[in-house]
Amino acid sequence: MNFPLYRPRRLRKSEQFRQMIQETRVTVSDLICPLFVKHGRDIRTPISSMPGYFQLSVENLLEEAKEVYRLGIKAVILFGIPKVKDEMGSEAYASHGIIQEAIRRIKEVIPELIIITDVCLCEYTSHGHCGIIKGNDVDNDATLEFLARMALSHAEAGADMVAPSDMMDGRVGAIRKHLDENGFSSVPIMSYAAKYASSFYGPFREAAESAPTFGDRKTYQMDPANALEAIREVRLDIEEGADIVMVKPALPYLDIVTRLHSEFALPIAAFNVSGEFSMVKAAASMGWIDGTKVMMECLLSIKRAGADLIISYFAKEAARILEEK
Ligand code: PBG
Ligand code: ZN
C-alpha cells in the first residue's frame, strides 16, 4: 500500500464515498437518557452546572419520558432525590420511594420505554457515601443486603433493568441472588463494573445532591491509573451474573472500553458522565467550539472504541440530530 499506487484520498472525495466506507455509526438505539426525579409537584429545577438539565417532579418526568420515547430512544436511567436522607439510606429501598413511584407512573403510561435504575445508596444517605458506614469507611458486606433490597424494590415497581453503581465487592452476585429468589430472574443487571474515582462526576453530585460529606470514594471506586484492575473487576461481575458491563466515565477511559471489548463477549456500555457533558456545554457557550459537532464526535468516538450502549446527557439532542439525517 505505497504512494502513489495507494491514495487514501480517493475514497474521501465526496460525501457519498465517505458515507459508503464509514466504519462506525451512532444510532438512536445506542443511547440511554439519564433523568433526575424529585418529590413534589410542578418541580423543574435547573441544574446550574448542566445547562438544559433539570430535577423533575414525577408528572414532569413523565412528560420528559414521553419526549424521549417519541425521539426513538429506547431507555432511560433514573436517579432519585429523596425527601429525607438518613444513615441507612432508607428511602432507597422503600416501596413508595421517589424512584419506585416514578417507575410505576412511567410504566402506566409508556410501558414500552425501558426503565433502568441506578442502584446505589449515595443519593439517599445523610453522609453521601454509596453504602453503610462503619467507623470511617463504607462496610462492604453490610451494604450488600441493602443494595439487594433496593434492586428488588425497583424490580417490584416495574424496572426493566437494574444498574448497581456502588462498587462494593460481591454486589452483582448479591443482587442476582435476591432478584432470582423473589421471582425476578428475567430482570437483567447492567453493572457499573469499571467505575473510576473520577473528578468528572462533579456536576452530577449537584444534580443528585449526593456529594459525600466527608472523605471521598477512593476506597471503593477504581484508581484512574489502573487498566488491568478493570479487567479483573469485569471478570468478577460477569461471574456473578452481570448481563451488560459498563465503563465510567467514557471519554477519558476509551482505552478501557476497547480492552474490554476485545477481552469479553458481553455488551459494553459507557457512561458519558456529567463533567464530560458540562465541559462541552461550557466551551460551546463561550463560542470556542461547535457544541453540536463536538457532541456527535464524542458519541461516535465512544462507539468506535467498542461501546454498544452510551449513557449520555446528550441523548435527546443527539437523537434530534440523528432524526434529521
Ligand atoms: C452514584 C452515581 C454517580 C454517577 C452515577 N451514579 C456519582 C458518583 O459515583 O459519585 C455519576 C454520573 C455522572 O457524573 O454523570 N454512585
Ligand atoms: Zn453512589
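# Exercises on a predicted model

Lysine 13 is exposed, with a relative accessible area of 60%. (Exposed means over 50%, buried under 20%, and partly exposed in between, with a 1.4 Å probe and protein chains only.) The model is predicted: local features need pLDDT of at least 70, side-chain atom pairs need pLDDT 80 or more, and totals for chains, interfaces and linings use all residues. Residues are numbered from 1 along each chain as its sequence is written, chains are lettered from A and ligands numbered from 1 in written order, and side-chain values use heavy atoms, without hydrogens or water.

## Exercise 1: Patches on the surface

Place lysine 13, then find the residues that gather with it in a patch of positive charge.

Step 1. Lysine 13 sits in the segment before helix 1, which spans 15-20. (Helices are DSSP runs of H or I with at least four residues, strands are E runs of at least two, and both are numbered from the N terminus.)

Step 2. The patch of positive charge joins Lys13 with Arg7, Arg9, Arg10 and Arg12. (Patch residues have over 30% relative accessible area and no salt bridge; like charges are joined within 9 Å, and nonpolar side chains, Val, Leu, Ile, Met, Phe, Trp and Tyr, within 5 Å.) Lys and Arg count as positive, Asp and Glu as negative, while His and chain ends are not counted. A charge is placed at NZ of Lys, CZ of Arg, CG of Asp or CD of Glu.

Step 3. Now the nonpolar case. Met1, Leu5 and Tyr6 make a nonpolar surface patch of about 420 Å². (Areas come from the Shrake-Rupley method with a 1.4 Å probe; for residues, only the protein chains shown count as cover.) Tyrosine 6 also lies in the segment before helix 1. At 35% relative accessibility, tyrosine 6 is partly exposed.

## Exercise 2: Salt bridges

How many salt bridges does a search of the whole structure find? Work through three pairs and one network.

Step 1. The search finds 21 salt bridges. (Each has a side-chain nitrogen of Lys or Arg within 4 Å of a carboxyl oxygen of Asp or Glu.) Side chains of opposite charge can pair when their charged atoms come close.

Step 2. Take aspartate 30 and lysine 303. Their closest N and O atoms are 3.0 Å apart. Aspartate 30 is in the loop between helix 1 and strand 1 (31-38), and lysine 303 is in helix 10 (residues 291-305), so the salt bridge ties together parts 273 residues apart in sequence. Both aspartate 30 and lysine 303 are buried.

Step 3. Glutamate 209 pairs with lysine 38, with 3.0 Å between the closest N and O atoms. Lysine 38 belongs to strand 1, and glutamate 209 to the loop between helix 6 (202-207) and helix 7 (228-240), so parts 171 residues apart in sequence are tied together. Glutamate 209 is partly exposed at 34%. Lysine 38 is partly exposed too, at 23%.

Step 4. Aspartate 243 forms a salt bridge with arginine 176, the closest N and O atoms being 4.0 Å apart. The loop between helix 7 and strand 10 (244-248) holds aspartate 243, and helix 5 (residues 171-181) holds arginine 176, so this pair ties together parts 67 residues apart in sequence. Aspartate 243 is partly exposed at 33%, whereas arginine 176 is buried at 12%.

Step 5. Finish with the network: Glu67, Arg70, Arg320 and Glu323 are linked by salt bridges.

## Exercise 3: Strands and their cover

In which sense do strand 4 and strand 5 pair, parallel or antiparallel? Then do the same for strand 10 and strand 11.

Step 1. Strand 4 (residues 75-81) and strand 5 pair in the parallel sense, over four bridges. (Pairing needs at least two DSSP bridges between the strands.) Threonine 117 of strand 5 is the bridge partner of leucine 78.

Step 2. Check the cover. Strand 5 (residues 114-119) is largely enclosed by the rest of the structure because five of its six residues are buried.

Step 3. Strand 10 and strand 11 pair in the parallel sense over three bridges. Valine 247 has alanine 270, in strand 11, as its bridge partner.

Step 4. Strand 11 (residues 268-272) is mostly covered, with five of its five residues buried. Ile268, Ala270 and Asn272 point one way, and Ala269 and Phe271 the other way.

## Exercise 4: Two neighbours in a loop

Is glycine 89 buried or exposed? Compare serine 90.

Step 1. Glycine 89 is in the loop between strand 4 and helix 3 (98-109). Serine 90 is in that loop as well.

Step 2. Glycine 89 is buried, at 0% relative accessible area. Serine 90 is partly exposed, at 32%.

Step 3. Add distances between C-alpha atoms. Glycine 89 and leucine 299 are 210 residues apart along the chain and 34 Å apart in space. Serine 90 and methionine 150 are 60 residues apart in sequence and 9.3 Å apart in space.
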